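Visitor: I would like to learn how to read a few features of a model. Please take them one by one.

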Amino acid sequence: MSAFTGITEDSESDKEAFTPGVEPQPTWCPGCGDFAVLNALKGAMVELGRSPEEVMLVTGIGCSGKLSSYFESYGYHSIHGRSLPIARAAKLANPGLEVVAAGGDGDGYGIGGNHFMHTARENHDITYIVFNNEIFGLTKGQTSPTSPKGHKSKTQPSGSAKDPVRPLSLSLASGASYVARTAATNPRQAQEILAEAIEHDGFAHVDFLTQCPTWNKDAKEYVPYTDVQQSDEFDFDVSDRREASDAMYDAESRLYEGEVLTGRFFVQERPSYDAEKRQTGEMPEQAVAEQYFDDSVEWRRAADGLLEKHT
Amino acid sequence: MTGETLMWRIAGGSGDGIDSTSQNFAKALMRAGLHVFTHRHYPSRIRGGHTYVEVRASDEPVRSRGDGFNFLLALGDSFARNPDDEAYYGDEEIKPLSENLDELNEGGIIVYDSGIFEDEVIESLNLEERAEENNWHLCPVNLREIAREYGRDVMRNTAGVGVTAALIGMDTHYFEELIGEAMSGDIKEANINVLQSAYDRASEFEFSHDIEVPSGDHETEHGLMSCSHAISYGALDSGCRFIAGYPMTPWTDVFTIMSQNLPAFDGISEQVEDEIAAAALALGASHAGAKAMSGSSGGGFALMSEPLGLAEMTETPVVLVEAMRAGPSTGLPTKTEQSDLEHVLYTSQGDSCRVVFAPANVREAYEQTRLAFDLAYDYNVPAIVVYDQKTQGELRTVPLEFFDRDPSPELGAVMTEDELAEAAHDASGKFKRYRHDVEDGSNPRSIPGQKGGRHLVTGNESQEVGHISEDPDNRKAQMDRRLQKLKSVRDRLDSSDESNQTFHGPDEATLGLMTWGSTQDTVFEAADRLNADGYDVKALGVSDLMPYPEQEVTEFLESVDECLVVEMNATGQFRGLTQKELGRFGDKLSSLLKYDGEPFEPREIVEGFESTLDGAEPPAGNLVLEPAAGD
């Protein structure tokens, strides 16, 4: 029997269960897109029958990092850019957990870019939500990795000379097996996509457009949006890497021309990292975290077979 | 212990099998009942470059490299043997011979491969003249020819061992046994023929020398291993089932041993993108309920500063290993130094709250790694085991019964679901993980997935259930509580029957030697010699670096008139730490420092001590003496 009875097959819960009953109230600005992520995540968890005690939500630093404070679950508010390595190890140590990592575009595509690339490559069975507001919000409006070329800020006073990161293409090239973009202005699609991402076996990356009305655009600038799955203009196979790549290129380029393209861009069925690792014999049958609570485990020692080669 | 000790140095090109040959040689001596110690020197290259290993053996325990060495087996550098490459490699090929002569003791034996070192080379080194001056015995043997006759060029190593055995009067059956265990069929046959033929060939040399291999006898079975093994075995026996790392010399050793064994121990090893990730993974796994570790060497450890601070703030237990090498920056990648002490103690922003141990040898490395896991998980703090290139590379004999211990797979300060049901929660049902009112400072934690345990952990200052808080009173209470854990750790260590500090020499001695970590056992050998020479000396080897063993060091320093602090760095970091922690003794403490990449020889410490005391000639070589500076 599991030592973790918070982990259930199917639980009846509602959004209230994922809402802290007391302080803190969100400190996000009125009109901030981050509220939409919080709502969509709660909705997705309810839809999937998850309970707060089986969810581990790991966040980075920034306005987005506050998500773990306003969402009721086991939370790990970590450091800037490092949510992914913490999240993926937690999942390896206890695969029963539902592990979600979240952070901003600076957190994920800038300072944590190396972890993003490798976590995608390894296809860990976790969900990664990037709050993409094209700006550094909490530090008061500096240019971020997804800010458009020419973006002026206090730290780029003459306008940024850099092309922005292409997050969807980067994710695809790195090896993510589920890549989608949604927007705070489209809550219904956001919840659907988050639910799919959480259900997906493998690394699911959701680039979530979250308007920052204080330092960048307000919600108006993310409407109208187009769902690429609903649009006649886009007819591509989400399991085809080349077609997905073209669609991503369009979505990334056209965002800076004022056109918001959202939806699923790439969905691939391939074994997640823990499954691959189990194949090579380097992943234990029994979760590491369970072993410490299981009295029937016989703890092997170095003296049990490792010393002979020293004689 | 100098006259009767064999100090055999095998030198050749990196990639020539010097390491494996020396290990087999050392094992044969161990099987013959002797205590063995090896000292390893190699360049930062995959192949090529001059490398050597020293093997010191005695019927008494050996715990340090010796003073120089007395037997040289110069194999020549096979990487430089391609005549077409001569211009590129220059004089590389003679280095295994030429570069090893300065430290060869008087009366020593030189065996060299006359198939590699041609007559002109030998002449250019004035070898015969120097041999006469130093009373060396020259033994040219065409090892390559013997190897080719029965097998292949690479078997020159085996031929060299055969010659050695003949000259020191050692039976070859231990070598044959080892060959038989490692090889089979034609290869085995060929090696044994090479060994025997070389042995017979060497019998031609007729000279008398003082080097003897004493006879020994181990009462119980011994094994030959380094501190890397001891650290890894300590971790496994503590129930560590998760490691994450990134390769870096010399840390790679522990990472490799753990990675090779963890799957069979139902554990997980992860090689990841960088050291920030490595330490962060260890935190993630630990938070989710695994006993976890990571580690690196100086530069990689620098990248771990952030997760290390996060572990202190979130009170996530983790064990990190820091395998020091000479810095700053890339420094001397394959050479030893103890210059990361301050780095390990203070890296990461804010006030440090970590446990740091520096073991000196195989036994201490095992014990202190286990203690690091115990304390990390009992107090929810990071614990760091610091060792270095020296103790990573040196092999020692240790009785195997030492490892016959019970495992300790307890998760430490962790709540069960039953306990959580009774524990304090806030109005929304969050578990109060960070309560102010715990006596020893340490709160038990809950593990994600446990019913009734959900809470938030954060790198921000937080209140009881983990929510971010900037309230000044809460801040002070939480800081005080976290730091209280170090005081609790110190109390526990002080009240334990076993101390991590090692005292050596007569209690009533009035002169002191003090050191930390890997230099300890060489200092102890020096202390023995000084006492034999009529000085009145005792020595202290310190392993607890944080929390500092104030009581034990104070008692030691109060009992001596003067104390020489010996360490491998340029700024006397351990002496500085001692003065900072104790706030006194500045007029008693002088320093003997070495930072040229090579560990101390016992005689260097003896000479350094004598010069400090008598104001005699400053010691030769790359040693630095710094007088006491006062408080």
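Visitor: How are α10(B) and α11(B) oriented to each other?

Guide: Bear in mind that this is a predicted model. For a helix pair, look at the angle between the axes; from 65 to 115 degrees it would count as roughly perpendicular, and under 35 as roughly parallel. The axes of α10 (residues 227-237) and α11 (residues 252-261) of chain B cross at roughly 45 degrees and come within 9 Å. The two helices are therefore oblique to each other. The crossing of α10(B) past α11(B) is right-handed.

Visitor: Which residues make the contact of α10(B) with α11(B)?

Guide: On α10(B) they are Ser228(B), His229(B), Ile231(B), Ser232(B), Tyr233(B), Ala235(B) and Leu236(B). α11(B) contributes Asp253(B), Val254(B), Ile257(B), Met258(B) and Asn261(B). By class, this contact has 7 nonpolar, 4 polar and 1 charged residues.

Visitor: What is the angle between α6 and α9 of chain B?

Guide: Helix α6 (residues 143-150) and helix α9 (residues 185-202) of chain B pack at about 140 degrees, with their axes 9 Å apart. Angles over 145 degrees would count as roughly antiparallel. α6(B) and α9(B) are therefore oblique to each other, and α6(B) passes α9(B) in a right-handed crossing. Among the residues in contact are Ile146(B) and Tyr150(B) of α6(B), with Val194(B) and Arg201(B) of α9(B). The residues of this contact divide into 6 nonpolar, 2 polar and 3 charged.

Visitor: How many residues does the largest nonpolar core have?

Guide: In soluble globular proteins, nonpolar side chains tend to be buried together. Here the largest core has 144 residues. Those with the most contacts inside it are Tyr233(B), Phe242(B), Met293(B), Leu545(B), Leu557(B) and Phe574(B). Helix α16 (residues 362-379) of chain B supplies the largest share of this core, 10 residues. A second, separate core has 44 residues, including Ile18(B), Met30(B), Met170(B) and Phe175(B).

Visitor: What does Phe242(B) touch?

Guide: Leaving aside residues up to four places away in sequence, Phe242(B) touches Ala89(A) and Leu92(A) of chain A. Its contacts in chain B include Leu262(B), Ile268(B), Leu281(B) and Met293(B).

Visitor: Is helix α5 of chain A largely enclosed or largely open?

Guide: Count its buried residues, those under 20% relative accessible area. In α5(A), residues 113-122, 7 of the 10 residues are buried, so this helix is largely enclosed by the rest of the structure. The buried ones are Gly113(A), His115(A), Phe116(A), His118(A), Thr119(A), Ala120(A) and Glu122(A). Just after α5(A), Asn123(A) takes a positive phi of about 60 degrees.

Visitor: Where do the cis peptide bonds at Pro224(A) and Pro328(B) lie?

Guide: Most residues other than glycine have a negative phi, and most peptide bonds are trans. Val223(A) and Pro224(A) are joined by a cis bond with omega about -5 degrees; Pro224(A) lies in the loop between β6 (204-209) and β7 (225-227) of chain A. Another cis bond joins Gly327(B) and Pro328(B), with omega about -5 degrees. Pro328(B) is in the loop between β11 (318-324) and α15 (341-346) of chain B.

Visitor: What is the phi of Ser329(B)?

Guide: Phi of Ser329(B) is near 50 degrees, a positive value in a residue other than glycine. Ser329(B) sits in the loop between β11 and α15 of chain B, and at 70% relative accessibility it counts as exposed. Asn135(B) has a positive phi of about 60 degrees. Asn135(B) lies in the loop between α5 (127-134) and β6 (137-141) of chain B and is partly exposed, with a relative accessible area of 45%.

Definitions and conventions:
Residues are numbered from 1 along each chain as its sequence is written. Chains are lettered from A and ligands numbered from 1 in the order in which they are written. This is a predicted model: local features need pLDDT of at least 70, side-chain atom pairs count only at pLDDT 80 or more; totals for chains, interfaces and linings use all residues. Side-chain values use heavy atoms; hydrogens and water are left out. Axes are lines fitted to C-alpha atoms, for helices over the stretch in contact, and angles run from 0 to 180 degrees between N-to-C directions. Helices (H or I, at least four residues) and strands (E, at least two) are DSSP runs, numbered from the N terminus. A crossing is left-handed if the near helix is turned anticlockwise from the far one by less than a right angle, and right-handed if clockwise. Contact means heavy atoms within 4.5 Å. Ala, Val, Leu, Ile, Met, Phe, Trp, Tyr, Cys and Pro count as nonpolar, Asp, Glu, Lys and Arg as charged, and the others, Gly among them, as polar. A nonpolar core is a set of buried Ala, Val, Leu, Ile, Met, Phe, Trp, Tyr and Cys residues joined through side-chain atoms within 4.5 Å. Buried means under 20% relative accessible area, exposed over 50%, partly exposed in between (1.4 Å probe, protein chains only).
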